[in-house]
Amino acid sequence: MSCVLDERGDAAIHWCVRHGHMAALRLLRQLSAFDVNLPNARNGATALHLAAGYNRVDMVEFLVKDLVANHKKADKVGYCAMHHAVFGNCIQAVRKLIVLGAKTDFSVAEVWTAMELAAALDLDDMIKLIHKDTDSFSDGQLAMIRAAEYGSKRAICVIGRLYVYFDVDDQGDAVRAAVGNRDFSTLRLDRKSTRLNSSHLGI
C-alpha cells in the first residue's frame, strides 16, 4: 500500500508529510513494506526532503530519530534535506537538522552547499544560522561569490561582516570589484553554476 503512487509521483509516506498528517505517518510505521527513504517517482524527493521544505519540524525529528531517515540522501537534482529546508527559508527545519547531525557544508554532484544556496537566495538570517554551524574560509568564499552572482545585496553585507578576512583576501577583492561593476565574469567559480529552480522540489 505504501508504494502506490498518485499523479504527483507520491507514495503514502510523501502524501502524509505533504499534507501534515503526523498520525497517518505514525500509522505507516507499522507496515512491513515501509521505506522511509522512498523517493518520489517524479523528482526523487524523500519524505524528509518534503518535511524539511515545508518546515514540518516535528516530522523532521520523527523521520530522523524514530524512522532513521537518511538526511544525506539526495533527490534527482542532488539536493539533500538541508538544501530543501534552505530553499524554503525554513529556519526551524535547518536548526533541527543541524541538531540531528546534518551538515550544512554537505553537497553532492557539484550541487551547492547550504551556505551558497542561502547566499544566492539572499537569506541573511539563514546565512547567520548556517555560519554558526560552519565557519570555514572556503564556505565564505563560495557564499560571497554566489551572492555577487545573483546580486544578493543583504547576503553580501552579512557575509562581509561574518567573514572579515575578505578585506585582505585576493578573491574577496575580486568579489567586491565584481559587485561594484556587475562584471561577474571576473569571479572564479569552484563548482559548476546551477540555476535556481524550485520546480524540481515538488513543494
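1. A nonpolar core, as the term is used here, is a set of buried Ala, Val, Leu, Ile, Met, Phe, Trp, Tyr and Cys residues joined through side-chain atoms within 4.5 Å. In this structure, which is a predicted model, the largest such core holds 54 residues, and the members that touch the most others are Leu25, Leu63, Val86, Leu97 and Ile159. Helix α7, residues 114-120, supplies the largest share of this core, namely six residues.

2. Valine 86 deserves a separate look. With residues up to four places away in sequence set aside, valine 86 touches Val94, Ala114, Leu117, Ala118, Leu121, Leu123, Met126 and Ile130. Among these partners, Ala114, Leu117 and Ala118 fall within the span of α7, residues 114-120.

3. Helix α4 runs over residues 57-66, and its buried residues are Met59, Val60, Phe62, Leu63 and Val64. The elements that cover these buried residues include α1 (12-18), α2 (22-28), α3 (47-53) and α6 (91-99). Leu63, buried in α4, is also one of the core members named above as touching the most others.

4. Cysteine 16 belongs to helix α1 and is buried, because its relative accessible area of 5% lies under the 20% cut-off. Once its neighbours within four places in sequence are left aside, cysteine 16 is in contact with His21, Ala24, Leu25, Leu28 and Met59, of which Met59 is a buried residue of α4. The C-alpha atoms of cysteine 16 and leucine 50 are 9.9 Å apart in space, although the two residues are separated by 34 residues in sequence.

5. Cysteine 90 likewise counts as buried, with a relative accessibility of 5%. As to disulfides, the model contains zero of them when a pair of cysteine sulfur atoms within 2.5 Å is required.

6. Backbone angles call for comment at three places. Most residues other than glycine have a negative phi, and the following residues may be checked with that in mind. Asparagine 55, in the loop between α3 and α4, has a positive phi near 60 degrees, and with a relative accessible area of 26% it is partly exposed. Asparagine 89, in the loop between α5 (81-87) and α6, has a positive phi near 55 degrees, and at 40% relative accessibility this asparagine also counts as partly exposed. Valine 68, just after α4, takes a positive phi of about 55 degrees.

7. Aspartate 139 merits attention as a buried acidic residue. This aspartate lies in helix α9, residues 137-149, and counts as buried because its relative accessibility is 6%, against a cut-off of 20%. Leaving aside neighbours within four places in sequence, its contacts are Asp105, Thr113, Met115, Thr134 and Tyr163, so that another aspartate, Asp105, appears among the residues in contact with aspartate 139.

8. On internal voids, a search of the whole structure finds one cavity of 30 Å³ or more, and the volume of the largest cavity is about 30 Å³. Its lining is made up of His71, Lys72, Cys80, Met82, Ala102, Lys103 and Phe106, which divide into four nonpolar residues, one polar and two charged.

Key
Residues numbered from 1 in each chain as written. Predicted model: local features only at pLDDT ≥ 70, side-chain atom pairs only at ≥ 80, totals over all residues. Heavy atoms only, no water. Buried < 20%, exposed > 50% of the residue type's maximum accessible area, 1.4 Å probe, protein only. Helix = DSSP H or I, 4+ residues; strand = E, 2+ residues; numbered from the N terminus. Contact = heavy atoms within 4.5 Å. 1 Å grid on protein atoms, 1.4 Å probe; cavity = no way out; pocket = protein on both sides within 12 Å on 5 of 7 lines; lining within 4 Å. Points joined across faces, edges and corners; volume = space filled by probe spheres on them. Nonpolar A, V, L, I, M, F, W, Y, C, P; charged D, E, K, R; others polar.
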